[in-house]
Amino acid sequence: MTTPAQTAAAGTDRMLLIETFVRIVEAGSLSAAAAQMGGTQPTVSRRLQLLERTMGVRLLQRSTHAIRLTEDGQRCYERAKELIATWQSFESEVRGADDEPYGTLRVVAPHAFGQDQFVDPLARYLQQYPNMRVEWLLHDRMPDLIAENVDCAIRVGAVTDPSVIAVKLGVVPRIVIASPDLLRGEPAPQHPSELARLPWLALRTFYRTEVSLTHCETGETARFGIQPRLSTDGLHALRKAAVLGLGVALGSEWAMQDDLAAGRLVHVAPQWRADPLPVSLVYAPSRFQPARLRRFIEIMREYLPVELGGPADAGLLRR
């Protein structure tokens, strides 16, 4: 027998009810979800109540200050996200490959790149697809793509998680730099043995107590230990500390170019470089890839290899 709630839901877009529920969970409140969806809080509340009556379970526990998922709500939330992704993929297939994406794309990018080089392809994406919105989240840790509802992440360095797909975008060349003030008028060091005697700065994400350099022509490798005066996980902080003469540093070549051109930094041991860092776009495997993510990947693969100075791998790398 059909219940009154099911009868009411039959006259309502059920995907809209499901999308509203997901939006409430991700926004953190009914009012925030209403603002994101361009509606009112009473409308959002009625949709949630109708979905709960239709499903016959309580999905959310609500208080004055917060909401949280019930056990049934957690199961419903995970399944609802899959249904929305499947529906969006179905729409894209029916409408055709050239259909424009719409909705919100959540991307995690590294602090340094996310404030600099990645902004240009991001702008191109938004300009090319006016129906898209992007949440551009900057931090250097690898997110839990599923739990944090992240569409994709841009990673600098090796991707070792076997549960994700990584598309290689290019590589980041790295060089050793120092301030003229640190060198005190002495000629710039040319060999790693000279670098080992100088004070150092460490970029904790990629090196902490040891530096490894390779000669550009001979392939000779030199390794030496360091006791950094300053350790940081921020590339821009490392660059600034180097400019101020606090120590020698190893960093992404693109980030040092302006200071090198202005004479604030010197490229030391120029024939020696660290291994370049791969740059990858990472996302969770799925049978249905929404158009918003496909289009973003296309733009990033087209733009970044030229910007980074490294050829992109045409294939998908499962890590």
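Visitor: Before we get to pockets, what counts as a helix here?
Guide: Helices are DSSP runs of H or I with at least four residues, numbered from the N terminus. Keep in mind that this is a predicted model.

Visitor: Okay, so which helix gives the most to the lining of the largest pocket?
Guide: That's helix 5, with eleven residues.

Visitor: What's the volume of that largest pocket?
Guide: About 1,400 Å³. Its lining has 44 residues, and the closest to the centre are Lys81, Ile84, Ala85, Asn149 and Arg292. Elements giving two or more residues to it include helix 2 (14-27), helix 5 (71-95) and helix 12 (291-308).

Visitor: How do the residues of that lining divide by class?
Guide: The largest pocket's lining has 19 nonpolar, nine polar and 16 charged residues.

Visitor: And the second largest pocket, how much space lies in there?
Guide: About 270 Å³. Of its 17 lining residues, Pro110, Ala112, Asp140, Val156 and Phe206 are the closest to the centre. Helix 6 supplies the largest share of that lining, three residues. By class, the lining has eight nonpolar, six polar and three charged residues.

Visitor: Switching topic: where does His139 lie?
Guide: In the loop between strand 4 (132-138) and strand 5 (152-156).

Visitor: Is His139 buried or exposed?
Guide: Buried, because its relative accessible area is 19% and the cut-off for buried is under 20%.

Visitor: What is His139 in contact with, leaving aside neighbours within four places in sequence?
Guide: Val108, Ala109, Pro110 and His111.

Visitor: Which backbone oxygen lies 3.4 Å from a polar atom of the His139 side chain?
Guide: The one of Arg141.

Methods. Residues numbered from 1 in each chain as written. Predicted model: local features only at pLDDT ≥ 70, side-chain atom pairs only at ≥ 80, totals over all residues. Heavy atoms only, no water. Buried < 20%, exposed > 50% of the residue type's maximum accessible area, 1.4 Å probe, protein only. Polar contact = N/O pair within 3.5 Å; in protein donor to acceptor, adjacent residues only side chain to side chain. Contact = heavy atoms within 4.5 Å. 1 Å grid on protein atoms, 1.4 Å probe; cavity = no way out; pocket = protein on both sides within 12 Å on 5 of 7 lines; lining within 4 Å. Points joined across faces, edges and corners; volume = space filled by probe spheres on them. Nonpolar A, V, L, I, M, F, W, Y, C, P; charged D, E, K, R; others polar.
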